[in-house]
Amino acid sequence: MNLVLLGAPGAGKGTQAKLLCERLGLSHLSTGDMLRAARESGTAVGREVAAIMDAGQLVSDDVVMALLQNGLRDATKGAILDGFPRNLQQANRLEQLPTFHLDHVVSIDVPVEALVERLSGRRSCLACGAAFHVAFSPPEREGICDSCGAALVQRADDREEAIRKRLEVYEQSTRPLVDHYSKKGLLRAVHGTGEVGEVTQRIVKSIGVER
Ligand code: AP5
């Protein structure tokens, strides 16, 4: 099964994708995590995209498409795409991949005030990709990742100006995908507020895989 998680920055795509992948045995393909990993390891791609990401803008379609295709090669049991596609061009390129079949698109809907609160309080582990929140899901030891013990940081794009830009880019470039996938009969919309586990339940119910 292949699933796309759609949603504004901070909607909980990464949080839910991790839980759903464990539960359903799927691969987690986050283009944001792939780009951050490229930056951390100092590759040419990483250097090329750093300033674009920090400003809250979208990286080029060719760069993310190449990363995604690499990830899909290893996802033999299916995947959850988190943060991809981000615009209609990426959606069309995904549809043209000969071996990829998209089963569901889940849109996680969260009011804008809650998005800003979540993003400004998020602390991220750049080593393993885990996300925490200073108020909603703090780590056991302040500033330290529960999963791998690395230091937690505030992402550069989680600062106020970049958050505003990301929300604007989402409205302009990504929100049209809701309509696109709705017309194809693939869209399932779920409320993304409430406890993390409740949101997971809504998603599994929406795609008919409660197990
Ligand atoms: P990316 O990493 O994909 O960022 P994003 O889409 O902006 O999403 P986020 O990671 O900010 O949020 P999320 O929805 O995953 O929420 P999370 O679960 O962490 O992309 C970053 C950048 O990379 C882009 O701006 C762009 O430059 C580039 N990029 C990536 N993909 C691209 C593409 N396809 N094309 C072009 N460029 C691309 O949760 C957020 C916080 O809320 C956390 O603190 C979490 O603990 C908390 N939280 C989660 N659920 C709940 C809940 N139910 N209640 C309370 N708090 C919650």
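P138 sits in the loop that runs between β6 (131-133) and β7. In this predicted model, P138 has a relative accessibility of 48% and therefore counts as partly exposed. Apart from neighbours within four places in sequence, the residues in contact with P138 are F132 and H133. Between P138 and N2 the C-alpha to C-alpha distance is 31 Å, and the two are 136 residues apart in sequence.

**Overall fold**

The protein chain contains 9 helices and 8 strands. For 211 residues, a compact globule would be expected to have a radius of gyration near 17 Å, and the 16 Å of the protein chain agrees with this. Taken along the principal axes, the C-alpha atoms fill a box of roughly 45 × 40 × 30 Å. Of the 211 residues in the protein chain, 46% are buried.

Contacts between residues at least 6 apart in sequence can be divided by separation: 69% of them join residues at least 24 apart. The area that the protein chain exposes is about 10700 Å², of which carbon and sulfur atoms supply 49%. The protein chain carries 26 positive and 27 negative charges, and the mean positions of these two sets are 3 Å apart.

**A cis peptide bond**

The peptide bond that joins F84 and P85 is cis, with omega about -5 degrees. P85 is placed in the loop between β3 (79-82) and α5 (88-95).

**Salt bridges**

In the whole structure, a search finds 13 salt bridges. Three of these pairs are listed here, with the distance between N and O atoms.

| Acidic residue | Basic residue | N to O distance |
|---|---|---|
| D158 | R122 | 2.9 Å |
| D157 | R155 | 2.9 Å |
| D179 | K183 | 3.3 Å |

Which parts of the chain does the salt bridge between D158 and R122 tie together? D158 forms this salt bridge with R122. D158 belongs to the loop between β7 (152-153) and α7 (160-174), while R122 belongs to strand β5 (residues 122-125), so the pair links parts that are 36 residues apart in sequence. Both D158 and R122 are buried.

The salt bridge between D157 and R155 also has two buried partners, D157 and R155.

The pair formed by K183 and D179 lies within one element. Both residues are in helix α8 (residues 176-183), 4 residues apart, which is about one turn of the helix. Are these two side chains buried or exposed? K183 has a relative accessible area of 69%, and because the cut-off for exposed is over 50%, K183 is exposed. D179, with a relative accessible area of 42%, is partly exposed.

Elsewhere, salt bridges that share partners join R122, R155, D157, D158 and R166 into one network. Among the members of this network are the pair D158 and R122, whose closest N and O atoms are 2.9 Å apart, and the pair D157 and R155.

**Summary of the picture**

The chain of 9 helices and 8 strands has a radius of gyration that agrees with that of a compact globule of 211 residues. The buried residues include D158 and R122, as well as D157 and R155, whereas K183 is exposed. Two loops have been described through their prolines: the loop between β3 and α5 holds P85, and the loop between β6 and β7 holds P138.

Note on methods
Residues are numbered from 1 along each chain as its sequence is written. This is a predicted model: local features need pLDDT of at least 70, side-chain atom pairs count only at pLDDT 80 or more; totals for chains, interfaces and linings use all residues. Side-chain values use heavy atoms; hydrogens and water are left out. The radius of gyration is taken over C-alpha atoms; the globule rule is 2.2 Å times the number of residues to the power 0.38. Buried means under 20% relative accessible area, exposed over 50%, partly exposed in between (1.4 Å probe, protein chains only). Contact means heavy atoms within 4.5 Å. Accessible areas come from the Shrake-Rupley method with a 1.4 Å probe; for residues, only the protein chains shown count as cover. Lys and Arg count as positive and Asp and Glu as negative; His and the chain ends are not counted. The place of a charge is taken as NZ of Lys, CZ of Arg, CG of Asp or CD of Glu. A salt bridge is a side-chain nitrogen of Lys or Arg within 4 Å of a carboxyl oxygen of Asp or Glu.
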